[in-house]
Amino acid sequence: IATGWEGTANIGFSYTSGNSNNITMTTGLRAVKPNPEGGMLIYFRSLWNNTHGASSVVTTQNAFWGGARYDRNLTKKMFGFLSYDFERDKPRRLSFRSVVGGGLGHRTVKNDRTELELLAGLAWNRTWQAGADSDTPEGLVGLNFKQKINHRFRVQNAFTYFQNVTDGNEYRVLFDTSFTADVTPKIGVYFAIGNRYNNDPLGSAKKNDFLLTTGLKWNFGKKK
(Lines give C-alpha, C1' and ligand atoms only; values in the text may rest on other atoms or scores of the structure.)
Protein backbone atom coordinates (compact mmCIF):
# COMPACT_ATOMS: atom_id res chain seq x y z
CA ILE A 1 0.00 0.00 0.00
CA ALA A 2 3.01 2.32 0.47
CA THR A 3 4.20 1.98 -3.15
CA GLY A 4 2.80 3.26 -6.44
CA TRP A 5 1.92 6.79 -5.29
CA GLU A 6 2.50 9.91 -7.37
CA GLY A 7 1.79 13.54 -6.63
CA THR A 8 3.18 16.73 -5.07
CA ALA A 9 4.13 18.07 -1.65
CA ASN A 10 4.51 21.82 -1.07
CA ILE A 11 5.53 24.34 1.55
CA GLY A 12 5.31 28.12 1.84
CA PHE A 13 6.81 30.42 4.48
CA SER A 14 6.92 34.15 5.13
CA TYR A 15 8.42 36.31 7.90
CA THR A 16 8.18 40.05 8.56
CA SER A 17 9.71 42.11 11.35
CA GLY A 18 9.57 45.68 12.62
CA ASN A 19 6.84 47.04 14.83
CA SER A 20 5.46 43.51 14.84
CA ASN A 21 6.87 40.12 13.89
CA ASN A 22 4.66 38.03 11.65
CA ILE A 23 5.23 34.39 10.72
CA THR A 24 3.09 32.45 8.23
CA MET A 25 3.56 28.84 7.16
CA THR A 26 1.52 26.73 4.74
CA THR A 27 1.93 23.08 3.81
CA GLY A 28 0.17 20.78 1.37
CA LEU A 29 0.13 17.27 -0.02
CA ARG A 30 -1.78 15.67 -2.88
CA ALA A 31 -1.13 12.08 -3.95
CA VAL A 32 -2.91 9.54 -6.15
CA LYS A 33 -2.45 5.80 -6.49
CA PRO A 34 -3.99 4.67 -9.79
CA ASN A 35 -4.76 1.05 -10.63
CA PRO A 36 -6.85 -0.72 -13.30
CA GLU A 37 -9.80 -1.16 -10.88
CA GLY A 38 -10.03 2.49 -9.84
CA GLY A 39 -7.58 4.24 -7.55
CA MET A 40 -7.10 6.25 -4.38
CA LEU A 41 -6.53 9.95 -3.66
CA ILE A 42 -5.32 11.68 -0.50
CA TYR A 43 -4.86 15.40 0.13
CA PHE A 44 -3.93 17.71 3.01
CA ARG A 45 -3.43 21.46 3.51
CA SER A 46 -2.56 23.54 6.57
CA LEU A 47 -2.18 27.21 7.49
CA TRP A 48 -0.55 28.74 10.57
CA ASN A 49 -0.06 32.45 11.27
CA ASN A 50 1.41 34.02 14.39
CA THR A 51 1.89 37.74 15.15
CA HIS A 52 4.26 38.98 17.88
CA GLY A 53 3.41 42.52 18.96
CA ALA A 54 5.11 44.74 21.51
CA SER A 55 3.25 43.13 24.42
CA SER A 56 1.25 40.24 22.99
CA VAL A 57 1.37 37.16 20.81
CA VAL A 58 -1.70 36.43 18.66
CA THR A 59 -2.35 33.33 16.56
CA THR A 60 -4.66 34.57 13.82
CA GLN A 61 -4.78 31.32 11.83
CA ASN A 62 -4.45 27.71 12.90
CA ALA A 63 -6.33 25.54 10.43
CA PHE A 64 -5.93 22.33 8.49
CA TRP A 65 -8.11 20.21 6.23
CA GLY A 66 -7.69 17.08 4.19
CA GLY A 67 -9.22 13.80 3.16
CA ALA A 68 -9.12 10.67 1.06
CA ARG A 69 -11.20 9.10 -1.72
CA TYR A 70 -11.31 5.54 -3.00
CA ASP A 71 -12.70 4.85 -6.49
CA ARG A 72 -13.94 1.55 -7.92
CA ASN A 73 -14.63 1.34 -11.65
CA LEU A 74 -18.10 0.18 -12.70
CA THR A 75 -17.73 0.83 -16.43
CA LYS A 76 -15.11 2.62 -18.54
CA LYS A 77 -16.48 6.01 -17.45
CA MET A 78 -18.68 5.33 -14.40
CA PHE A 79 -17.25 4.60 -10.95
CA GLY A 80 -18.37 4.34 -7.35
CA PHE A 81 -16.51 6.21 -4.63
CA LEU A 82 -16.10 6.35 -0.86
CA SER A 83 -14.71 9.52 0.69
CA TYR A 84 -13.60 10.92 4.02
CA ASP A 85 -12.91 14.62 4.65
CA PHE A 86 -11.85 16.41 7.82
CA GLU A 87 -11.32 20.00 8.87
CA ARG A 88 -10.22 22.04 11.86
CA ASP A 89 -10.24 25.83 12.18
CA LYS A 90 -9.38 27.09 15.65
CA PRO A 91 -10.11 30.84 15.10
CA ARG A 92 -13.53 29.86 13.72
CA ARG A 93 -14.08 27.75 16.86
CA LEU A 94 -14.38 24.60 14.79
CA SER A 95 -12.72 21.87 16.88
CA PHE A 96 -13.11 19.17 14.23
CA ARG A 97 -15.38 18.27 11.32
CA SER A 98 -15.54 14.69 10.03
CA VAL A 99 -17.46 13.91 6.82
CA VAL A 100 -17.95 10.37 5.49
CA GLY A 101 -19.48 10.10 2.04
CA GLY A 102 -20.08 7.92 -0.97
CA GLY A 103 -21.75 7.96 -4.36
CA LEU A 104 -21.22 7.74 -8.10
CA GLY A 105 -18.82 9.50 -10.42
CA HIS A 106 -18.48 9.97 -14.17
CA ARG A 107 -15.23 10.57 -16.08
CA THR A 108 -16.73 12.94 -18.61
CA VAL A 109 -13.39 13.83 -20.20
CA LYS A 110 -10.15 11.90 -19.89
CA ASN A 111 -7.18 12.27 -22.24
CA ASP A 112 -3.49 13.13 -22.06
CA ARG A 113 -4.17 16.85 -21.49
CA THR A 114 -7.59 17.19 -19.87
CA GLU A 115 -9.55 15.35 -17.17
CA LEU A 116 -13.05 16.16 -15.91
CA GLU A 117 -14.92 14.13 -13.28
CA LEU A 118 -18.49 14.72 -12.07
CA LEU A 119 -19.57 13.43 -8.63
CA ALA A 120 -22.89 12.97 -6.81
CA GLY A 121 -23.71 11.20 -3.57
CA LEU A 122 -24.58 11.39 0.13
CA ALA A 123 -22.51 12.23 3.21
CA TRP A 124 -22.72 12.31 7.00
CA ASN A 125 -21.27 15.42 8.67
CA ARG A 126 -20.20 15.12 12.32
CA THR A 127 -19.05 18.48 13.74
CA TRP A 128 -17.43 19.24 17.08
CA GLN A 129 -17.48 22.96 17.83
CA ALA A 130 -17.86 25.62 20.49
CA GLY A 131 -21.47 25.21 21.55
CA ALA A 132 -23.64 22.30 20.52
CA ASP A 133 -22.08 19.57 18.39
CA SER A 134 -24.05 18.40 15.36
CA ASP A 135 -24.75 15.37 13.16
CA THR A 136 -26.04 16.26 9.70
CA PRO A 137 -26.98 14.15 6.67
CA GLU A 138 -25.94 15.90 3.46
CA GLY A 139 -26.27 15.50 -0.28
CA LEU A 140 -23.18 16.28 -2.32
CA VAL A 141 -22.33 17.17 -5.90
CA GLY A 142 -18.91 18.09 -7.21
CA LEU A 143 -16.39 18.15 -10.00
CA ASN A 144 -12.65 17.71 -10.44
CA PHE A 145 -10.88 19.31 -13.38
CA LYS A 146 -7.23 18.98 -14.51
CA GLN A 147 -5.59 20.70 -17.46
CA LYS A 148 -2.04 20.06 -18.64
CA ILE A 149 -1.06 23.23 -20.52
CA ASN A 150 2.35 21.84 -21.54
CA HIS A 151 5.09 19.71 -19.99
CA ARG A 152 5.74 22.38 -17.31
CA PHE A 153 2.43 24.10 -16.52
CA ARG A 154 -0.72 22.55 -15.00
CA VAL A 155 -4.03 23.80 -13.63
CA GLN A 156 -6.24 21.82 -11.24
CA ASN A 157 -9.66 22.63 -9.75
CA ALA A 158 -11.92 20.86 -7.26
CA PHE A 159 -15.45 21.97 -6.30
CA THR A 160 -17.87 20.29 -3.87
CA TYR A 161 -21.32 21.46 -2.74
CA PHE A 162 -22.84 19.96 0.43
CA GLN A 163 -26.58 20.45 1.05
CA ASN A 164 -28.13 19.70 4.45
CA VAL A 165 -30.99 17.35 3.54
CA THR A 166 -32.94 18.20 6.73
CA ASP A 167 -32.64 22.00 6.33
CA GLY A 168 -32.83 23.45 2.83
CA ASN A 169 -31.36 26.75 4.01
CA GLU A 170 -28.07 25.26 5.23
CA TYR A 171 -25.23 24.37 2.86
CA ARG A 172 -21.42 24.37 2.49
CA VAL A 173 -19.17 24.95 -0.54
CA LEU A 174 -15.55 23.82 -0.88
CA PHE A 175 -13.39 25.13 -3.72
CA ASP A 176 -9.69 24.57 -4.39
CA THR A 177 -7.64 25.57 -7.40
CA SER A 178 -3.92 25.49 -8.11
CA PHE A 179 -1.51 26.52 -10.83
CA THR A 180 1.86 24.76 -10.86
CA ALA A 181 5.03 25.31 -12.88
CA ASP A 182 7.87 22.80 -12.93
CA VAL A 183 11.39 24.27 -12.82
CA THR A 184 12.99 20.81 -12.92
CA PRO A 185 11.37 17.35 -13.13
CA LYS A 186 11.26 17.25 -9.32
CA ILE A 187 11.06 20.88 -8.15
CA GLY A 188 8.58 23.60 -9.05
CA VAL A 189 6.54 26.55 -7.82
CA TYR A 190 2.81 26.75 -7.14
CA PHE A 191 0.00 29.22 -6.62
CA ALA A 192 -3.07 27.88 -4.82
CA ILE A 193 -6.46 29.18 -3.72
CA GLY A 194 -8.63 27.50 -1.11
CA ASN A 195 -12.12 28.69 -0.23
CA ARG A 196 -14.48 27.33 2.45
CA TYR A 197 -18.01 28.79 2.58
CA ASN A 198 -20.59 27.94 5.23
CA ASN A 199 -23.84 29.90 4.97
CA ASP A 200 -24.75 29.17 8.63
CA PRO A 201 -21.54 29.48 10.70
CA LEU A 202 -21.38 29.27 14.46
CA GLY A 203 -21.96 32.51 16.39
CA SER A 204 -20.18 35.55 14.99
CA ALA A 205 -17.81 33.57 12.75
CA LYS A 206 -17.60 34.77 9.15
CA LYS A 207 -19.26 32.70 6.45
CA ASN A 208 -16.25 32.61 4.15
CA ASP A 209 -12.61 31.56 4.65
CA PHE A 210 -10.28 32.40 1.74
CA LEU A 211 -6.67 31.24 1.45
CA LEU A 212 -4.14 32.29 -1.21
CA THR A 213 -0.72 30.64 -0.97
CA THR A 214 2.44 30.33 -3.02
CA GLY A 215 5.69 28.48 -2.50
CA LEU A 216 7.81 25.56 -3.62
CA LYS A 217 6.60 22.09 -4.51
CA TRP A 218 8.24 18.70 -4.86
CA ASN A 219 7.05 16.09 -7.37
CA PHE A 220 7.26 12.44 -6.43
CA GLY A 221 6.35 9.18 -8.14
CA LYS A 222 5.93 8.72 -11.85
CA LYS A 223 6.26 11.92 -13.87
CA LYS A 224 3.43 12.45 -16.35
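## Exercises on enclosed space and strand pairing

In this predicted model, the count of cavities of 30 Å³ or more comes to 2.

**Exercise 1.** Describe the largest cavity by its volume, its lining residues and the elements that supply them.

*Solution.* Start with the volume, which is about 90 Å³ for the largest cavity. Next, list the lining, which consists of Tyr 43, Trp 65, Gly 66, Asp 85, Phe 86, Glu 87, Arg 97, Val 99, Phe 162, Arg 172, Leu 174 and Arg 196. Then assign these residues to elements: those that give two or more residues are strand S4 (57-73), strand S5 (78-89), S6 and S10, and S5 gives the most, with 3 residues. Finally, sort the lining of the largest cavity by class, which yields 6 nonpolar, 1 polar and 5 charged residues.

**Exercise 2.** Carry out the corresponding analysis for the second largest cavity, giving its volume, its lining and the classes of its residues.

*Solution.* The space in the second largest cavity is about 50 Å³. Its lining is made up of Glu 87, Arg 92, Arg 97, Arg 172, Val 173, Leu 174, Arg 196, Tyr 197 and Asn 198, and the elements that contribute two or more residues to this lining are S10 and strand S11 (187-198). Divided by class, the lining of the second largest cavity holds 3 nonpolar, 1 polar and 5 charged residues.

**Exercise 3.** Characterise the second largest pocket, and state which residues lie closest to its centre.

*Solution.* Begin with the volume of the second largest pocket, about 330 Å³. Of the 21 residues in its lining, Arg 97, Gln 129, Glu 170, Asn 198 and Asp 200 are the closest to the centre. Two or more residues each come from strand S6 (94-110), strand S7 (114-129), strand S8 (134-148), strand S9 (153-164) and strand S10 (171-182). The class count for the lining of this second largest pocket is 7 nonpolar, 7 polar and 7 charged.

**Exercise 4.** Work out how S6 is paired with S5 and with S7, citing a bridge partner for each pairing.

*Solution.* Take S5 and S6, which pair in the antiparallel sense over 11 bridges; within this pairing, Phe 79 stands opposite Gly 105 in S6. The hairpin of S5 and S6 has 4 residues between the strands, and in this hairpin Arg 93 takes a positive phi near 65°. Turn then to S6 and S7, which run antiparallel and are joined by 15 bridges, with Ala 123 in S7 as the bridge partner of Gly 101. The hairpin that joins S6 to S7 does so through 3 residues.

**Exercise 5.** Is Thr 114 buried or exposed, and which residues does it contact beyond its neighbours within four places in sequence?

*Solution.* Locate Thr 114 in strand S7. Its relative accessibility is 17%, and Thr 114 therefore counts as buried, given that the cut-off for buried is under 20%. Leaving aside neighbours within four places in sequence, Thr 114 is in contact with Val 109, Phe 145, Lys 146 and Gln 147. With Gln 147 there is a polar contact between the two side chains, at 2.8 Å.

**Exercise 6.** Place Arg 152 in the fold, classify its accessibility and identify its contacts.

*Solution.* Arg 152 lies in the loop between S8 and S9. At 34% relative accessibility, Arg 152 counts as partly exposed. Beyond its neighbours within four places in sequence, Arg 152 is in contact with Thr 180, Ala 181, Asp 182 and Val 183. A polar atom of the Arg 152 side chain lies 2.8 Å from the backbone oxygen of Asp 182. As a separate distance, Arg 152 and Thr 108 are 44 residues apart in sequence and 24 Å apart in space, C-alpha to C-alpha.

Conventions. Residues are numbered from 1 along each chain as its sequence is written. This is a predicted model: local features need pLDDT of at least 70, side-chain atom pairs count only at pLDDT 80 or more; totals for chains, interfaces and linings use all residues. Side-chain values use heavy atoms; hydrogens and water are left out. On a 1 Å grid over the protein atoms alone, a cavity is a set of points where a 1.4 Å probe fits but cannot get out, and a pocket is an open set with protein on both sides within 12 Å along at least five of seven lines; lining residues have an atom within 4 Å of a point. Grid points are joined across faces, edges and corners, and a volume is the space filled by probe spheres set on the points. Ala, Val, Leu, Ile, Met, Phe, Trp, Tyr, Cys and Pro count as nonpolar, Asp, Glu, Lys and Arg as charged, and the others, Gly among them, as polar. Buried means under 20% relative accessible area, exposed over 50%, partly exposed in between (1.4 Å probe, protein chains only). A polar contact is a pair of N or O atoms within 3.5 Å; within protein, one must be able to donate a hydrogen and the other to accept it, and residues adjacent in sequence count only if both atoms are side-chain atoms. Contact means heavy atoms within 4.5 Å. Two strands pair if DSSP finds at least two bridges between them.
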